[in-house]
Amino acid sequence: MAKLLVVATGNPGKLQEMQAYLADSSWELTIKPENLDVEETGETFAENARLKASEIAKFTGNWAIADDSGLAVNALNGAPGVYSARYGNNDTERIGRLLRELGDEKNRQARFVCAIAVANPCGEIVIQSEGICQGEILFAPCGDGGFGYDPVFYVPEKQLTFAQMTTDLKKSISHRGNAFKALVPQLRKLGVAD
């Protein structure tokens, strides 16, 4: 029998993405209640993921899963980091601000980070995972796919930005993909995923 797993998001796209990663499990995913928002007050991606999973689980009385992710740029001391989504009002503004702040900086090293937490119905965090994808920031956007910082995040080993990759390629090497690769075996060990 499928177990209910509440996803700590109001974004149907993120729900579908998580369903794809957990397609072979016995979980039935559902979106969080519309009226429930958890403030992301953590200083790390992992803290924010734990906070959201715990609060959603306690509120709904169900298992809950949350992720927090973003871009960390070496030359900017890890910025935008946990503020990645709040670095501007939309993707164009966020990319513009990032490129302005980097300017002509030669060190363009960066990484996407994704932290995932799963809480039991009591709100206790029982599983955590983290995935990282290393890359560098281009001087200008390249590619039409993806979202967020994808057009300026270049992965040297693939010689493509996230925005130039097929969905399957991005999924296989992305920070979120790596976090789920680490998460699924832990779910199986708990006996709550097939």
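# A guided look at Asp-68 and its surroundings

Visitor: In which strand does Asp-68 lie?

Guide: The structure above is a predicted model, and everything said about positions here should be read with that in mind. In this model the strand that runs over residues 63–73 takes in Asp-68, and that strand is β3.

Visitor: Is Asp-68 buried or exposed?

Guide: A residue counts as buried when its relative accessible area is under 20% and as exposed when that area is over 50%. For Asp-68 the relative accessible area is 7%, which falls under the lower cut-off, and therefore Asp-68 is described as buried.

Visitor: Which residue's side chain forms a polar contact of 3.1 Å with the side chain of Asp-68?

Guide: Apart from residues up to four places away in sequence, Asp-68 touches several others, among them Glu-40, Thr-44, Lys-52, Val-82 and Cys-114. The list of touching residues also includes the one asked about, and the polar contact of 3.1 Å joins the side chain of Asp-68 to that of Asn-48.

Visitor: Which residue does the UniProt annotation "active site" cover?

Guide: The label comes from an unreviewed UniProt entry, and such annotations may be inferred rather than shown by experiment. With that caution in place, the residue covered by "active site" in the record is Asp-68.

Visitor: What is the largest C-alpha distance among the residues that UniProt marks as "binding site"?

Guide: The unreviewed UniProt entry places the feature "binding site" at Glu-39 and Asp-68. Although these residues are spread over 30 residues of sequence, they cluster in space, with a largest C-alpha distance of 12.0 Å.

Visitor: Of the "binding site" residues, which one is included in the lining of the largest pocket?

Guide: UniProt gives the "binding site" feature, again from an unreviewed entry, at Glu-39 and Asp-68. Of these residues, the lining of the largest pocket includes Asp-68.

Visitor: Is Glu-39 buried or exposed?

Guide: Glu-39 sits in the loop between β2 (27–31) and α2. Its relative accessibility is 63%, and because the exposed class begins over 50%, Glu-39 counts as exposed.

Visitor: How many charged residues are in the lining of the largest pocket?

Guide: The largest pocket has a volume of about 1,200 Å³. Of the 42 residues that line this pocket, the closest to its centre are Asn-11, Lys-14, Ser-69, Phe-147 and Arg-176. Several elements, including α1 (12–21), α2 (45–60) and β3, each supply at least two residues of the lining. By class, the lining has 13 nonpolar residues and 14 polar ones, while the number of charged residues is 15.

Visitor: How far apart in space are Ile-65 and Phe-153, C-alpha to C-alpha?

Guide: Ile-65 has its place in strand β3, and at 0% relative accessibility it counts as buried. Its contacts beyond four places in sequence include Leu-5, Met-18, Ala-53, Ile-116 and Phe-180. Phe-153, by contrast with Ile-65's own position, is 88 residues away in sequence, and the C-alpha to C-alpha distance between Ile-65 and Phe-153 is 26 Å.

Visitor: In the loop between which two strands is Asp-150 found?

Guide: Asp-150 counts as buried at 3% relative accessibility, and its contacts beyond four places in sequence include Phe-112, Thr-161 and Lys-170. The loop that holds Asp-150 runs between β5 (125–137) and β6 (153–155).

Visitor: Is Ser-174 buried or exposed?

Guide: Ser-174 is found in the loop between α4 (167–173) and α5 (175–190). Leaving aside neighbours within four places in sequence, Ser-174 is in contact with Tyr-21, Cys-133 and Phe-162. Its relative accessible area is 3%, which is under the 20% cut-off, so Ser-174 is buried.

Key. Residues are numbered from 1 along each chain as its sequence is written. This is a predicted model: local features need pLDDT of at least 70, side-chain atom pairs count only at pLDDT 80 or more; totals for chains, interfaces and linings use all residues. Side-chain values use heavy atoms; hydrogens and water are left out. Helices (H or I, at least four residues) and strands (E, at least two) are DSSP runs, numbered from the N terminus. Buried means under 20% relative accessible area, exposed over 50%, partly exposed in between (1.4 Å probe, protein chains only). Contact means heavy atoms within 4.5 Å. A polar contact is a pair of N or O atoms within 3.5 Å; within protein, one must be able to donate a hydrogen and the other to accept it, and residues adjacent in sequence count only if both atoms are side-chain atoms. On a 1 Å grid over the protein atoms alone, a cavity is a set of points where a 1.4 Å probe fits but cannot get out, and a pocket is an open set with protein on both sides within 12 Å along at least five of seven lines; lining residues have an atom within 4 Å of a point. Grid points are joined across faces, edges and corners, and a volume is the space filled by probe spheres set on the points. Ala, Val, Leu, Ile, Met, Phe, Trp, Tyr, Cys and Pro count as nonpolar, Asp, Glu, Lys and Arg as charged, and the others, Gly among them, as polar.
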